Amino acid sequence: MSITADRAALTDPARLAAVRRYEILDAPTDGQFDTVAATAAAVCGTPIATVSIVDADRVWFAAAKGLDGVAQVGTEPGLCASAFCAEGPYVVNDAVTDPRTLDHPLVRGELGLRFYAAAPIVTADGHHLGTVTAIDATPRELSEVQTTVLGYLADQVAQHLELRLATLEAVRAERQLRDDAEQRAVAAAELAARMRAAAAVQATTPHPEHCQLGGTAGCTAPAELKIADSWGDSAWGCAPHAEEAILNVRSVFIADEELGGLAAYLNR
């Protein structure tokens, strides 16, 4: 893949949206990812291994074995910034002779990287998030089995990200339900207080004996509260039916004693 194609993959809006969706960037260390990195190093026989998430302008390490104090690197092409968008394993046996990597800062710099093998982390909907990588300062080759296991580890990371996301969404949904229930309880308590206060005021106002809000079935409960709507219609009801109407019918509210509607205006 060319440098131009690498850059396009890095900044692809759909891919970056997928990276954000999993909320993994800069998250606290996940023990599962540490285990994946350690396994990658053990399987490939390298002193360094990482679980990397590729952002638009950085490669962030969700886990890193053998890179103490290093949390992220740049997105220079040739290593992670190229490997993450590969369709399969990306292996550099000797970075100082491989044209893809010979000018990379990690190859020419203090790390002196010589061997690099990565498997892309790909979501179920096809977005490439990063890599599981094995690194060494000595040239080497991987067997087919080692390369296959590296791919399995990348798949495991993708599956763990899905589980992590599902857990986050479940926790948020539960919190939202709890918040909604608390808000409904507060609103219900406020409505009940308003209804009690209005009923106390309206108790001395002439009104029908029985609830008028029972519909075709009727209601024989005492009329306690007058309610109205924005059209000027009004009726007396028992507390349960009045509350039901206020909650379920738009523009219904507790009538005050001055409410007379159009009839009062016409008879002024």
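**Exercise 1. Work out what residues 28-171 look like: how much is helix, how much is strand, and how far apart are the end C-alpha atoms?**

Step 1. Over residues 28-171, helix makes up 35% of the chain and strand 25%. Helices here are DSSP runs of H or I with at least four residues, strands are runs of E with at least two, and both are numbered from the N terminus.

Step 2. The C-alpha atoms at the two ends of this stretch are 18 Å apart.

Step 3. Now check the record: UniProt, in an unreviewed entry, lists residues 28-171 as "domain: GAF". UniProt positions are in the numbering used here, feature names are shortened, and annotations may be inferred rather than shown by experiment.

Before you go on: this is a predicted model, where local features need pLDDT of at least 70 and side-chain atom pairs count only at pLDDT 80 or more, while totals for chains, interfaces and linings use all residues. Residues are numbered from 1 along each chain as its sequence is written, and side-chain values use heavy atoms, with hydrogens and water left out.

**Exercise 2. Find the order of the strands in the six-stranded sheet, then name its edge strands.**

Step 1. The sheet is open, its order is 3-2-1-6-5-4, and the pairing is antiparallel. Two strands pair if DSSP finds at least two bridges between them.

Step 2. Strand 3 (72-73) and strand 4 (90-92) are the edges, each pairing on one side only.

Step 3. Zoom in on strand 5 and strand 6: eight bridges join this antiparallel pair. Pro 120, for instance, has Thr 131 in strand 6 as its bridge partner.

Step 4. Next, look for helices on the sheet. Helix 6 packs there, touching strand 1, strand 5 and strand 6, and its direction makes about 35° with that of strand 5. Contact means heavy atoms within 4.5 Å; axes are lines fitted to C-alpha atoms, for helices over the stretch in contact, and angles run from 0 to 180 degrees between N-to-C directions.

**Exercise 3. Which residues of the largest nonpolar core touch the most other members?**

Step 1. Know what you're hunting for: a nonpolar core is a set of buried Ala, Val, Leu, Ile, Met, Phe, Trp, Tyr and Cys residues joined through side-chain atoms within 4.5 Å. Buried means under 20% relative accessible area, exposed over 50%, and partly exposed in between (1.4 Å probe, protein chains only).

Step 2. The largest core has 33 residues, and Phe 33, Val 51, Ile 121, Val 132, Val 157 and Leu 161 touch the most other members.

Step 3. Helix 6 gives the largest share of this core, seven residues.

Step 4. Try Ile 121: beyond its neighbours within four places in sequence, its contacts include Val 51, Val 132, Val 157 and Leu 161.

**Exercise 4. Is Ile 53 buried or exposed?**

Step 1. Place it: Ile 53 lies in strand 1.

Step 2. Its relative accessible area is 2%, so Ile 53 is buried.

Step 3. Look at its company. Leaving aside neighbours within four places in sequence, Ile 53 has contacts including Val 19, Trp 60 and Leu 129. Leu 129 is 76 residues away in sequence, yet the two C-alpha atoms are 5.7 Å apart.

**Exercise 5. Why does one side of strand 8 and of strand 9 have no neighbour in the sheet?**

Step 1. Three strands form an open antiparallel sheet in the order 8-7-9.

Step 2. Strand 8 (234-237) and strand 9 (252-254) stand at the edges with a single partner strand each, so one side of each lacks a neighbour in the sheet.
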